[in-house]
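Here are a few exercises to work through with the model open beside you. Try each one yourself before reading the solution.

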Amino acid sequence: MQPQTDVFSLHNYLNSSISSPYPSSFPISTPFPTNSQNPYPLYGFQSPTYNPQSMSLSSNNSTSDEAEEQQTDNNIINERKQRRMISNRESARRSRMRKQRHLDELWSQVMWLRIENHQLLDKLNNLSESHEKVLQENAQLKEETSELKQVISDIQIQSPFSCFRDDIIPIE
């Protein structure tokens, strides 16, 4: 029985010098049993008992799986957000380009209309000047006509050949 005593003393020595990372309320299985009820003292087997630590480990595994799944879902959501953000930026860029193109077209139309307006104003000014000249010329011609009528009338009155007055075309 000497080897068992050495094993127990070694076990006690190790337990006293190494502190456990678990709280003292959790039962920790030892490699070698300390009670005499265990039928397998040298192999370190123990009879099955309720162990909350092993239950929490399986719970931690499922929680870990859930966390990984949630992390994967978050990654997918973040990728979608990233793609949507990139898509929105690209759409905004295209929209700005369309807006700029439209503004350029409107500006060129404004310039074309200004040129056309300037040409039409020049044409209108030329026509107005021409109209004024025609009106002046028309007034001058009316005045000359009136003077010529007067001259003809005076000639007829003073003419010794008054008998030919009937043959003269009447001047209105």
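**Exercise 1.** How many salt bridges does the count come to?

*Solution.* A word on the input: this is a predicted model, where local features need pLDDT of at least 70 and side-chain atom pairs count only at pLDDT 80 or more, while totals for chains, interfaces and linings use all residues. Residues are numbered from 1 along each chain as its sequence is written, and side-chain values use heavy atoms, with hydrogens and water left out.

Step 1: take the rule, a side-chain nitrogen of Lys or Arg within 4 Å of a carboxyl oxygen of Asp or Glu. Step 2: apply it, and you get one salt bridge. Step 3: put names to it; R93 pairs with E90, and their closest N and O atoms are 2.2 Å apart.

**Exercise 2.** Place R93 and E90 in the fold, and say how exposed they are.

*Solution.* Step 1: both sit in helix α2, three residues apart, which is about one turn of the helix. Helices here are DSSP runs of H or I with at least four residues (strands: E, at least two), numbered from the N terminus. Step 2: sort by relative accessible area, with buried under 20%, exposed over 50% and partly exposed in between (1.4 Å probe, protein chains only). R93 counts as partly exposed because its value is 35%, and E90 is partly exposed at 31%.

**Exercise 3.** Which residues gather in charged patches on the surface?

*Solution.* Step 1: keep residues with over 30% relative accessible area and no salt bridge, then join like charges within 9 Å, or nonpolar side chains (Val, Leu, Ile, Met, Phe, Trp, Tyr) within 5 Å. Lys and Arg count as positive, Asp and Glu as negative; His and the chain ends are not counted. Each charge is placed at NZ of Lys, CZ of Arg, CG of Asp or CD of Glu.

Step 2: the positive patch is R80, K81, R83 and R84. R84 belongs to helix α2, residues 52-158, and is partly exposed at 48%. Step 3: the negative patch is D65, E66, E68, E69 and D73. E66 is also in helix α2; with 52% relative accessible area, it's exposed.

**Exercise 4.** Which residues make the nonpolar surface patch of about 280 Å²?

*Solution.* Step 1: W107, V110 and M111 make it, with areas from the Shrake-Rupley method and a 1.4 Å probe; for residues, only the protein chains shown count as cover. Step 2: check M111, which is in helix α2 and partly exposed at 35%.
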